[in-house]
Amino acid sequence: AAAGKLLVVPVDGSHWLSMQELLDMLQQKGHEVVVVAPEVSLHIKPSKNFVMKMYPVSFTQEELDKVF
């Protein structure tokens, strides 16, 4: 973060919900934030405050929703 760039590889869960607020604040201070996440997740969604790079997984959103 000292260089103004931050790469984040989150996992679904409570840590992401807290981390998202922090990433929003860092972006407002001028940091470039890139989030790398699976294309199917419960809470990790694109935002205007960071660049989202998604990678494919072997299950669908419907399958994930069914498990939960």
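The following paragraphs lead through the surroundings of helix 1 in a predicted model.

The approach to the helix begins at Gly 13, which sits in the loop that joins strand 1, residues 5-8, to helix 1. Gly 13 counts as partly exposed because its relative accessible area is 23%, a value that lies between the 20% under which a residue is called buried and the 50% over which a residue is called exposed. Along the chain, Gly 13 and Asp 65 are 52 residues apart, and in space their C-alpha atoms are separated by 14 Å.

Helix 1 itself consists of 15 residues, and the distance from its first C-alpha to its last is 22 Å, which is close to the 21 Å expected at 1.5 Å a residue. Four of its residues, Trp 16, Leu 23, Asp 24 and Leu 26, are buried, and the elements that cover the buried residues of helix 1 include strand 1 as well as strand 2, which spans residues 32-38. After the helix comes Gly 30, a residue with a positive phi near 100 degrees.

Among the buried residues, Asp 24 deserves a separate look, since it carries a charged side chain within helix 1, residues 14-28. Which side chain of opposite charge is nearest to Asp 24, and how far away is it? That side chain belongs to Lys 48, at 7.6 Å, and Asp 24 has no salt bridge although it is buried; the separation does not meet the criterion, because a salt bridge requires a side-chain nitrogen of Lys or Arg within 4 Å of a carboxyl oxygen. Once residues up to four places away in sequence are set aside, Asp 24 touches Ser 47 and Asn 49.

Conventions:
Residues numbered from 1 in each chain as written. Predicted model: local features only at pLDDT ≥ 70, side-chain atom pairs only at ≥ 80, totals over all residues. Heavy atoms only, no water. Helix = DSSP H or I, 4+ residues; strand = E, 2+ residues; numbered from the N terminus. Buried < 20%, exposed > 50% of the residue type's maximum accessible area, 1.4 Å probe, protein only. Contact = heavy atoms within 4.5 Å. Expected span 1.5 Å × (residues − 1).
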